[in-house]
Structures are given as structure tokens and as C-alpha cells.
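Trainee: I've got this one open on my screen and I'd like to go through its side chains with you. Can we take it a question at a time?

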Amino acid sequence: MSLNLNDKKAVVAEVSAKVATAQTIVVAEYRGIQVGHLTQLRASARAQGVYMRVLKNTLARRAVEGTAFASLASEMTGPLIYAISEDAVAAAKVIQDFAKSNDKLVVKAGNYAGKSLDKAGVVALASIPSREVLLAQVVGMMQAPVSAFARVLAAVAAQKEAGSPAAPVAEEAAEAAAE
């Protein structure tokens with residue numbers, strides 16, 4: 001079904017709005033994938049906050065024209081599905097996870113913050129943990145020394161109540177502080 005000029009302008013405007021707030025765009029060739037599988041891919045993308053759409057390549061080129069993603073225009077050939085996300089790794093992760101279980105989805109290229117990515121770059125980007133996981137790891141690393149110090153203080157208090165010498169506790173405190 002052919003789009004008239006107003007419909008094309010509306011599609012370009014919609015995609016341009018998504019591209020303006022995006023950090024990552026991943027394009028993949030979907031030739032030969034069954035409709036049911038594409039529906040599963042779209043549902044997975046929605047759950048992760050990824051905007052996914054099959055577009056005419058000329059409309060997609062117009063949408064990225066003049067943005068940090070303009071270098072991706074040279075890769076826009078063939079039947080492509082576009083994954084656009086505000087999260088740096090979400091689009092790559094959705095496409096790569098689906099490509100693992102369906103060999104007909106072929107990652108073609110991507111762009112992260114204005115830097116072009118080939119297939120290997122998209123796979124590497126998809127392997128990075130999400131923002132929430134990284135924040136949890138940082139909090140855990142910050143909390144570890146504090147909790148170790150609290151355990152040492154509790155051990156010192158327990159030994160003072162028991163009346164035993166504090167020399168072994170001082171050694172433990174020095175070891176914990178060195179960690």
C-alpha cells in the first residue's frame with residue numbers, strides 16, 4: 001500500500017521525533033521471518049521501551065538526515081526493521097536476544113551516540129549490562145567497605161563485652177581497611 005505525501009511527512013515527523021531523543025539505533029534485515037515471530041519481537045521491544053518499526057528506507061534516511069545518526073543512511077538498503085531507543089543498550093539487546101533464537105533476523109548495523117557500529121559492535125553493545133544493573137553494582141561496591149567496617153566494630157564490641165583482648169580484632173580491622 002502506497003502512502004500519499006501527507007502520510008509520508010507524518011511518518012518522517014514521527015520517526016524524527018524518536019531519533020531526536022534516541023541514543024541508539026539498530027537496523028536488522030528481517031527477510032523470511034514469520035509474522036508471529038515479528039509480533040513477539042515487537043512485544044519484547046515494547047516491554048523494554050524500544051521503538052521498533054519497519055520503514056521505507058527513503059523515509060528512514062530523511063528522518064536521520066542532519067542528526068548524529070546520519071552515517072547510518074549508507075546501511076539502509078533491503079528489508080529492514082529499525083530499533084530506536086533512548087537507553088544506550090536496549091535496542092541492541094532486544095535485536096541481539098531475538099537474533100539468537102531466530103537466525104533469519106540478521107543484524108546489519110547500528111549507531112550509538114553518533115558512532116557507527118558494525119554487526120560485531122552491536123553485539124558488543126548488547127553484552128553491556130543495563131543501566132539498573134550497573135547502578136546496583138556501583139552501590140554494592142560502595143556499600144562493601146562500610147559493611148565490613150560495621151562488622152569489625154561489632155566484633156570489637158562483642159570482645160569487649162566478653163573481656164577478651166582486642167589485639168586480634170585490631171589485626172582484622174587493619175585487614176578490612178586494606179581491602
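**Salt bridges and a buried asparagine**

Mentor: Let's start with Lys100 and Asp97, whose side chains meet in a salt bridge at 3.9 Å, N to O. Keep in mind that this is a predicted model.

Trainee: How far apart in helix α4 are Lys100 and Asp97, in helical turns?

Mentor: Helix α4 covers residues 90–101 and holds both partners. Lys100 and Asp97 are 3 residues apart there, so the separation is about one helical turn.

Trainee: And is Lys100 buried or exposed?

Mentor: The cut-off for exposed is over 50% relative accessible area. Lys100 has 63%, so this lysine is exposed. Its partner Asp97 has 41%, which makes Asp97 partly exposed. For Lys100, then, the word is exposed.

Trainee: How many salt bridges does the count come to?

Mentor: A pair goes in when a side-chain nitrogen of Lys or Arg is within 4 Å of a carboxyl oxygen of Asp or Glu. Lys100 and Asp97 at 3.9 Å get in by that rule. The count comes to 3.

Trainee: Which residue forms a salt bridge with Arg31?

Mentor: Arg31 itself is exposed, at 53% relative accessibility. Its partner is partly exposed, with a relative accessible area of 21%. The closest N and O atoms of the pair are 3.2 Å apart, and the partner is Glu29.

Trainee: What about Glu14 and Arg53: how many residues apart are they?

Mentor: Their side chains meet in a salt bridge at 3.1 Å, N to O. The pair links distant parts of the chain, with Glu14 in helix α1 (residues 5–21) and Arg53 in strand β2 (residues 51–54). Glu14 counts as partly exposed at 36%, and Arg53 counts as partly exposed at 23%. Along the chain, the two are 39 residues apart.

Trainee: Now Asn57: buried or exposed?

Mentor: Asn57 lies in helix α3, residues 57–64. Buried means under 20% relative accessible area. Asn57 has 14%, so Asn57 is buried.

Trainee: Which side chain makes a polar contact with the side chain of Asn57?

Mentor: Start with what Asn57 touches once its neighbours within four places in sequence are left aside: Met76, Thr77, Gly78, Leu80 and Tyr82. One of these contacts also has a side chain in polar contact with that of Asn57, at 2.6 Å. That partner is Tyr82.

Note on methods:
Residues are numbered from 1 along each chain as its sequence is written. This is a predicted model: local features need pLDDT of at least 70, side-chain atom pairs count only at pLDDT 80 or more; totals for chains, interfaces and linings use all residues. Side-chain values use heavy atoms; hydrogens and water are left out. Helices (H or I, at least four residues) and strands (E, at least two) are DSSP runs, numbered from the N terminus. Buried means under 20% relative accessible area, exposed over 50%, partly exposed in between (1.4 Å probe, protein chains only). A polar contact is a pair of N or O atoms within 3.5 Å; within protein, one must be able to donate a hydrogen and the other to accept it, and residues adjacent in sequence count only if both atoms are side-chain atoms. Contact means heavy atoms within 4.5 Å.
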